[in-house]
Amino acid sequence: MSAVLAARGLWVDRGRRSVLQGVDLALQPGEGLALVGPNAAGKSTLVRALAGLLPAARGEILLEGRPLASWPRSGLAQRVALVAAEDEAPDRITVEDRVALGRYPHRGALAPFTAVARAAVARALRQTETLHLARRPLGTLSAGERQRAALARGLAQEPAVLLLDEPATHLDVRHQLHLFRVLDDVRQCGVAVLAVIHDLPRAAAWAPRMALLDEGRIAAEGSPTEVLEGPAAERAFGVAIRGVPVGDGPERLWRFEERG
């Protein structure tokens, strides 16, 4: 199966520093990939580059086999949705109107809001358990509610690729569990999901595949057990990571032991 989104030899500079250095990463339709790594490894930079928000200094990003730079902005926005940890929408806009902005790439500025668009917005509100907040201004929401509204906007976009930068930030335990169930549901519809996750046990429980980014490079890639128990993770995080099997299934309890 061809990758829906891929980075090949990707370098991204921020000022005079190369934050990403030769990253190779591919995402298949319907796949769930957890991107992990220590602070300042370049995770947010990679996600924004994959969304087309940061230019490549070298290398390339391909969306459905085409260079990302060749896509018109409207076409790119129809195919790729980015949900960041901090929502930058105005406080006065309502949740429903914020979510409806996810339909903008499909309809343009002047086209009427169709029944299909309204259905997509309502579905996204239900999926994220924000329907009861629809008429509330964003400025009146808690951080967790605002984060769920941001996710709803991304879902209403109905993309082929959903990129999430710390999607569980500000969420309580119940809504974290619900979030990852929603991500699994959209994957079942063929949407590729890449999520930056700092909580390593949570990432390991959700993701079939994990990529470890360290100092701007992909240091390890594979199943969560392969990545977290490998030497690259120990070097990146400065701790020994050990998984203890739970029963006969793939579940593991993770132990972190400081080195030295």
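# Report on a predicted protein chain

Arg-252 is partly exposed because its relative accessible area is 25%. On this scale, buried means under 20% relative accessible area, exposed means over 50%, and partly exposed lies in between, with a 1.4 Å probe and protein chains only. The model is predicted: local features need pLDDT of at least 70, side-chain atom pairs count only at pLDDT 80 or more, and totals for chains, interfaces and linings use all residues. Residues are numbered from 1 along each chain as its sequence is written, and side-chain values use heavy atoms, with hydrogens and water left out.

Arg-252 is placed in strand 12, which covers residues 252-258. Here helices (H or I, at least four residues) and strands (E, at least two) are DSSP runs, numbered from the N terminus. Not counting residues up to four places away in sequence, Arg-252 touches Thr-225, Glu-229, Gly-243, Val-244, Pro-245 and Val-246; contact means heavy atoms within 4.5 Å. Arg-242 is 10 residues from Arg-252 along the chain, and their C-alpha atoms are separated by 9.1 Å.

## The chain as a whole

The protein chain holds 10 helices and 12 strands. Its radius of gyration is 19 Å, which agrees with the value near 18 Å for a compact globule of 260 residues. That radius is taken over C-alpha atoms, and the globule rule is 2.2 Å times the number of residues to the power 0.38. Along the principal axes, the C-alpha atoms fill a box of roughly 60 × 40 × 35 Å.

Of the 260 residues, 51% count as buried. Among contacts between residues at least 6 apart in sequence, 63% join residues at least 24 apart. The chain exposes about 12,600 Å², and carbon and sulfur atoms supply 51% of that area. This area comes from the Shrake-Rupley method with a 1.4 Å probe. The chain has 33 positive and 30 negative charges, and their mean positions are 6 Å apart. Lys and Arg count as positive and Asp and Glu as negative, while His and the chain ends are not counted; the place of a charge is NZ of Lys, CZ of Arg, CG of Asp or CD of Glu.

## Three covered helices and what follows them

Helix 1 covers residues 43-50 and is mostly covered, with six of its eight residues buried. These buried residues are Lys-43, Thr-45, Leu-46, Val-47, Ala-49 and Leu-50.

Helix 6, residues 143-156, reaches 20 Å from its first C-alpha to its last, close to the 20 Å expected for its 14 residues at 1.5 Å a residue. The expected span of a helix is 1.5 Å times one less than its number of residues. Helix 6 is mostly covered, since 13 of its 14 residues are buried.

Helix 7 covers residues 173-188; its 16 residues should span 22 Å, and its end C-alpha atoms are 23 Å apart, which agrees. Its buried residues are His-175, Gln-176, His-178, Leu-179, Phe-180, Val-182, Leu-183, Val-186 and Arg-187. They pack against strand 3 (32-36), helix 5, helix 6, strand 7, strand 8 (192-196) and helix 8 (200-206).

A residue with positive phi follows each of these helices, and Glu-64 also has a positive phi. Most residues other than glycine have a negative phi.

| Residue | Phi | Place |
|---|---|---|
| Gly-52 | near 85 degrees | after helix 1 |
| Glu-64 | about 50 degrees | loop between strand 4 (58-63) and strand 5 (66-67) |
| Glu-158 | about 50 degrees | loop between helix 6 and strand 7 (161-165) |
| Gly-190 | near 95 degrees | after helix 7 |

Glu-64 has a relative accessibility of 35%, so it counts as partly exposed. Glu-158 is also partly exposed, because its relative accessible area is 36%.

## Pro-159 and Ala-119

Pro-159 lies in the loop between helix 6 and strand 7. With a relative accessible area of 10%, Pro-159 is therefore buried. Leaving aside neighbours within four places in sequence, Pro-159 is in contact with Gln-78, Arg-79, Val-80, Ala-81, Gly-154 and Val-191. Ala-192 is 33 residues from Pro-159 in sequence and 8.8 Å away in space, C-alpha to C-alpha.

Ala-119 is in helix 5, residues 115-127. Its relative accessibility is 34%, so Ala-119 counts as partly exposed. Val-36 is 83 residues from Ala-119 along the chain, and their C-alpha atoms are separated by 34 Å.
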